[in-house]
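Thanks, everyone, for making the time this morning. I would like to walk you through one model, and I will ask you to keep the sequence and the structure in view as I go.

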Amino acid sequence: MKPSTLKPGIRVFLQPSRGYGQPEPATVVRHVPAIPGRPAYTTIRRDSYAKFGLPADVGCVHLLDADIAWRVQPMEQTV
């Protein structure tokens, strides 16, 4: 999936980093474009990560655009 197709609020499936296991549902929060010296990245909120380490943790992960291509899949929309 291309990072440019991700918009805030879109529900997606996030593949585990090792490549095995079931994809988990997540929500795209925002995309930060690249600037000199820093690559572009996307912030994604995973409900299963919320309050994992601290009570105030909202469960956000930051993925580089290179990771988006193989770790993020769009959810099927039912009509």
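I will begin with the overall fold, go on to the sheet and the core, and finish with two local sites.

Please keep in mind throughout that this is a predicted model. The protein chain has one helix and five strands as its secondary structure, and if you follow the sequence from its start, these elements come in the pattern β-β-β-β-α-β. Of the 79 residues in the protein chain, 28% are buried, and the chain exposes about 5500 Å², of which carbon and sulfur atoms supply 60%. As for the contacts between residues at least 6 apart in sequence, 37% of them join residues at least 24 apart.

Let me turn to the sheet. In what order do the five strands of the open sheet lie? The order is 4-3-2-1-5, and the pairing is antiparallel, with strand 4 and strand 5, the latter spanning 72–74, as the edge strands, each of which pairs on one side only. On average, and with direction ignored, neighbouring strands of this sheet are turned by 45° against each other.

Within that arrangement, strand 2 and strand 3 pair in the antiparallel sense over six bridges, and two of the residue pairings can be picked out by eye: R30 has T43 in strand 3 as its bridge partner, while V32 stands opposite Y41, also in strand 3. Strand 1 and strand 2 are likewise antiparallel, over four bridges, and here L14 has E24 in strand 2 as its bridge partner.

Next comes the core. The largest nonpolar core has ten residues, namely L6, V12, L14, A26, V28, I44, V61, L63, I68 and V72. Strand 1, at 11–14, strand 2, at 24–32, and strand 4, at 60–64, each supply at least two residues of this core. As a general remark, nonpolar side chains in soluble globular proteins tend to be buried together. One core member to look at in detail is I68, which, leaving aside residues up to four places away in sequence, touches M1, K2, P3, L6, T42, I44 and L63; L6, I44 and L63 are themselves listed in the core.

The first local site is a salt bridge, and the structure holds one. The side chains of R46 and E24 meet there, with 2.6 Å from N to O, and because R46 lies in strand 3 and E24 in strand 2, the pair ties together parts that are 22 residues apart in sequence. Are these two residues buried or exposed? R46 is buried, since its relative accessible area is 3% and the cut-off for burial is under 20%, whereas E24, at 27% relative accessibility, counts as partly exposed.

The second site is P33, which sits in the loop between strand 2 and strand 3, the latter covering 41–46. P33 counts as exposed because its relative accessible area is 52%, and the cut-off for that class is over 50%. Apart from residues up to four places away in sequence, P33 touches R38 and A40. Finally, the C-alpha atoms of P33 and D65 are separated by 9.4 Å, although these residues are 32 residues apart along the chain.

That is the tour, and I am happy to go back to any part of it.

Note on methods
Residues are numbered from 1 along each chain as its sequence is written. This is a predicted model: local features need pLDDT of at least 70, side-chain atom pairs count only at pLDDT 80 or more; totals for chains, interfaces and linings use all residues. Side-chain values use heavy atoms; hydrogens and water are left out. A nonpolar core is a set of buried Ala, Val, Leu, Ile, Met, Phe, Trp, Tyr and Cys residues joined through side-chain atoms within 4.5 Å. Buried means under 20% relative accessible area, exposed over 50%, partly exposed in between (1.4 Å probe, protein chains only). Contact means heavy atoms within 4.5 Å. A salt bridge is a side-chain nitrogen of Lys or Arg within 4 Å of a carboxyl oxygen of Asp or Glu. Two strands pair if DSSP finds at least two bridges between them. Axes are lines fitted to C-alpha atoms, for helices over the stretch in contact, and angles run from 0 to 180 degrees between N-to-C directions. Accessible areas come from the Shrake-Rupley method with a 1.4 Å probe; for residues, only the protein chains shown count as cover.
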